[in-house]
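Let's work through a few exercises on one protein structure together. Keep a viewer open and try each task before reading its solution.

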Amino acid sequence: MQSTLTAASLETQLINQAPRAAYYIPDFITEAEEEYLLRQVYNAPKPKWTQLSGRKLQNWGGLPHPRGMVSEKLPPWLQTYTNKISSLGVFAGNCANHVLVNEYKPGEGIMPHEDGPLYYPTVTTISLGSHTVLDFYLPPDRGRPEEEDQVSKTEEQRYVLSFLLEPRSLFVLREDLYKNYLHGIHPCTHDTLSHRVANLDKCVAQSDETLARRTRVSLTIRYVPKVLKTTLFLGKGK
C-alpha cells in the first residue's frame, strides 16, 4: 500500500488528458494484499454471489434503495480498505459504507451506465487479478459541444475515451466525468491500447500493446449517504 498517498497528494494523480475528474494510482496495493483480498472474495459464502448477465457480484454493506440503505457492518477485510480510501477525503470526510465485488471473466463486460443518485458522486475501484479497459461515453441525449444541432445516437459515435485499470491499481472517478458521462466495459478477451487510453502515461503497459484479459475482480467502494434504521423497513417503529 502506498503509505505516502494523502488527500493532498491525490491531486498529483489527476489524469489531465480527460474531463474532470479521474485519478489513477498504480500499485495502490501490494501483490500480497491482492492475493489476500482474492482469497477473502472466494472464501465468501456462496449465497453472497449474485449471477448477472456478463458478470457475477457480491454486495457488502447493505442494499442501496431510494428510501435509504439498511446498513450492515462490513467485514474487517473490506473495512481496512474502505478506511484507507476514505482517509483520502474523496467522500467529503465521510467513510465509505458500501462495497460491490464484481467478477469479470475474459469476454465479459458491462454496458455503458451511470451509478445513479443513491451514492455520493464519487466511485473508487481497486482491480484484482487482471486489467480491464473502462470506456466513457456521452449519454444518448447529449451531443458533443461542436454538434449542438445533432445528437450522436450510436455507442461508437458517443465514445469519448478510455482508462486502463491495471491489477492492484486504484481508480477514483468524480465531478463532471462521474455526473455527465456513462462508463462501461466492452466484452472482449483482448485489449489493444491506443492514444485513446487517457492514463497510459501512468501505466506499465505501452501504446499499441495487446493485453489478454484474465479473470478480474473489482472492489467498487462507495458512500451511501442515506442510511435507514432496520425498524423503518420492517414497519416496527414504536
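The exercises below concern a predicted model, and each one comes with a worked solution.

**Exercise 1. Describe the largest pocket: its volume, its central residues and the elements that line it.**

Solution.
- Step 1: begin with the volume, which is about 390 Å³.
- Step 2: go to the lining, which is made of 17 residues; Val133, Asp135, Tyr159, Ser162 and His186 are the closest to the centre.
- Step 3: assign the lining to elements. Two or more residues come from each of β8 (132–137), α4 (155–158), β9 (159–165) and β12 (190–192).
- Step 4: sort the lining by class, which gives 6 nonpolar, 5 polar and 6 charged residues.

**Exercise 2. Do the same for the second largest pocket, and find which element gives the largest share of its lining.**

Solution.
- Step 1: the second largest pocket holds about 340 Å³ of space.
- Step 2: its lining counts 21 residues, and those closest to the centre are Asn102, His113, Asp115, His183 and Thr220.
- Step 3: the elements that supply two or more lining residues are β5 (98–104), β6 (110–113), β7 (122–128), β10 (170–174), β11 (182–185) and β14 (216–222).
- Step 4: β14 gives the largest share, with 4 residues.
- Step 5: by class, this lining has 10 nonpolar, 6 polar and 5 charged residues.

**Exercise 3. How many cavities of 30 Å³ or more does the structure hold, and which residues line the largest cavity?**

Solution.
- Step 1: the structure holds 1 cavity of 30 Å³ or more.
- Step 2: the volume of the largest cavity is about 40 Å³.
- Step 3: its lining consists of Tyr104, Lys105, Pro106, Glu108, His131, Thr132, Ile185, Arg213, Arg214 and Arg216.
- Step 4: grouped by class, these are 3 nonpolar, 2 polar and 5 charged residues.

**Exercise 4. Work out the strand order of the open sheet of 4 strands, and say which strands stand at its edges.**

Solution.
- Step 1: the order is β6-β11-β8-β9, and the pairing is antiparallel.
- Step 2: look for strands with a single partner. β6 and β9 each have just one, so each has a side without a neighbour in the sheet.
- Step 3: from one strand to the next, the twist averages 20°.
- Step 4: zoom in on one pair. β8 and β9 run antiparallel and are joined by 6 bridges.
- Step 5: within that pair, Asp135 has Ser162 of β9 as its bridge partner. Both residues appeared in Exercise 1, among those closest to the centre of the largest pocket.

**Exercise 5. Are the two faces of strand β1 covered or open, and with which strand does β1 pair over 4 bridges?**

Solution.
- Step 1: on one side of β1 (residues 22–25), Ala22 and Tyr24 are buried.
- Step 2: on the other side, Tyr23 and Ile25 are buried too, so both faces are covered.
- Step 3: the partner over 4 bridges is β10, in the antiparallel sense.
- Step 4: Ile25 has Leu170 of β10 as its bridge partner.

**Exercise 6. Why do Cys188 and Cys203 form no disulfide?**

Solution.
- Step 1: a search of the whole structure returns 0 disulfides.
- Step 2: apply the cut-off, which asks for cysteine sulfur atoms within 2.5 Å.
- Step 3: the cysteine sulfur closest to that of Cys188 is in Cys203, 16 Å away, which is too far for a bond.
- Step 4: check accessibility as well. Cys188 is buried at a relative accessible area of 17%, and Cys203 is buried at 9%.

**Exercise 7. Examine the backbone at Arg20, Arg168 and Asp208.**

Solution.
- Step 1: recall that most peptide bonds are trans, and that most residues other than glycine have a negative phi.
- Step 2: the peptide bond from Arg20 to Ala21 is cis, with omega near 5°. Ala21 lies in the loop between α1 (7–10) and β1.
- Step 3: Arg168 has a positive phi, near 75°. Arg168 sits in the loop between β9 and β10 and is buried, with a relative accessible area of 18%.
- Step 4: Asp208 also has a positive phi, of about 75°. Asp208 belongs to the loop between β12 and β13 (210–212) and is exposed, at 61% relative accessible area.

Technical notes: Residues are numbered from 1 along each chain as its sequence is written. This is a predicted model: local features need pLDDT of at least 70, side-chain atom pairs count only at pLDDT 80 or more; totals for chains, interfaces and linings use all residues. Side-chain values use heavy atoms; hydrogens and water are left out. On a 1 Å grid over the protein atoms alone, a cavity is a set of points where a 1.4 Å probe fits but cannot get out, and a pocket is an open set with protein on both sides within 12 Å along at least five of seven lines; lining residues have an atom within 4 Å of a point. Grid points are joined across faces, edges and corners, and a volume is the space filled by probe spheres set on the points. Ala, Val, Leu, Ile, Met, Phe, Trp, Tyr, Cys and Pro count as nonpolar, Asp, Glu, Lys and Arg as charged, and the others, Gly among them, as polar. Buried means under 20% relative accessible area, exposed over 50%, partly exposed in between (1.4 Å probe, protein chains only). Two strands pair if DSSP finds at least two bridges between them. Axes are lines fitted to C-alpha atoms, for helices over the stretch in contact, and angles run from 0 to 180 degrees between N-to-C directions.
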